[in-house]
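This report goes through a model in an order that a computational chemist may find useful, with confidence first, then fold, surface and individual side chains.

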Amino acid sequence: MSRIEESTGIARSPEDVFSYLMDPGHMPEWQEGAVSARQLDEGPCGSGRGSGYGGGSGSARCR
């Protein structure tokens, strides 16, 4: 089986990158197929929190 790796350099701190990725509003910027996203629960993202996103072929709710 072949293995494919890809790397990207980001001129930000790990904390900045993590915060950006955990904000559901940014999901369509980096998740292929996501058209919109929003957090369903109040408070910070984490285990047990809900988020939802919509794509060209439907939508999903994550918990």
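What pLDDT does the protein average, and what share of the residues score at least 70? The model is a predicted one, and the protein averages a pLDDT of 73, with 60% of the residues scoring at least 70. Confidence is highest in helix H1, at 87, and lowest in strand S3, which covers residues 58-62 and has a mean of 51.

**Fold and surface totals**

Two helices and three strands make up the secondary structure of the protein, and, read from the N terminus on, these elements follow the order α-α-β-β-β. Of the 63 residues in the protein, 11% are buried. Among contacts with a separation of 6 or more, those between residues 24 or more positions apart account for 3%. The accessible surface of the protein comes to about 5400 Å², and carbon and sulfur atoms hold 49% of that area.

**The nonpolar patch and helix H2**

Phe18, Tyr20, Leu21, Met22 and Trp30 together make a nonpolar surface patch of about 480 Å². Helix H1, which spans residues 14-22, gives the most to this patch, with four residues, whereas Trp30 lies in helix H2, residues 27-30. Met27 is also found in helix H2, and the two side chains of this helix can be set side by side as follows.

| Residue | Relative accessible area | Class |
|---|---|---|
| Met27 | 19% | buried |
| Trp30 | 41% | partly exposed |

Why is Met27 classed as buried? Met27 has a relative accessible area of 19%, and it counts as buried because this value is under the 20% cut-off. Trp30, at 41%, is classed as partly exposed because its value falls between the limits of 20% and 50%. Since patch residues need over 30% relative accessible area, the 41% of Trp30 satisfies that condition.

Met27 also has a neighbour further along the chain to consider: its C-alpha atom and that of Ala37 are separated by 6.2 Å, although the two residues are 10 residues apart along the chain.

**The salt bridge**

How many salt bridges does the count come to? The count comes to one salt bridge, in which the side chains of Arg3 and Glu5 meet at 2.9 Å, N to O. Both of these residues, Arg3 and Glu5, are exposed.

Conventions:
Residues are numbered from 1 along each chain as its sequence is written. This is a predicted model: local features need pLDDT of at least 70, side-chain atom pairs count only at pLDDT 80 or more; totals for chains, interfaces and linings use all residues. Side-chain values use heavy atoms; hydrogens and water are left out. Patches are made of residues with over 30% relative accessible area and no salt bridge: like charges are joined within 9 Å, nonpolar side chains (Val, Leu, Ile, Met, Phe, Trp, Tyr) within 5 Å. Accessible areas come from the Shrake-Rupley method with a 1.4 Å probe; for residues, only the protein chains shown count as cover. A salt bridge is a side-chain nitrogen of Lys or Arg within 4 Å of a carboxyl oxygen of Asp or Glu. Buried means under 20% relative accessible area, exposed over 50%, partly exposed in between (1.4 Å probe, protein chains only). Contact means heavy atoms within 4.5 Å. pLDDT is the predictor's confidence in each residue, from 0 to 100.
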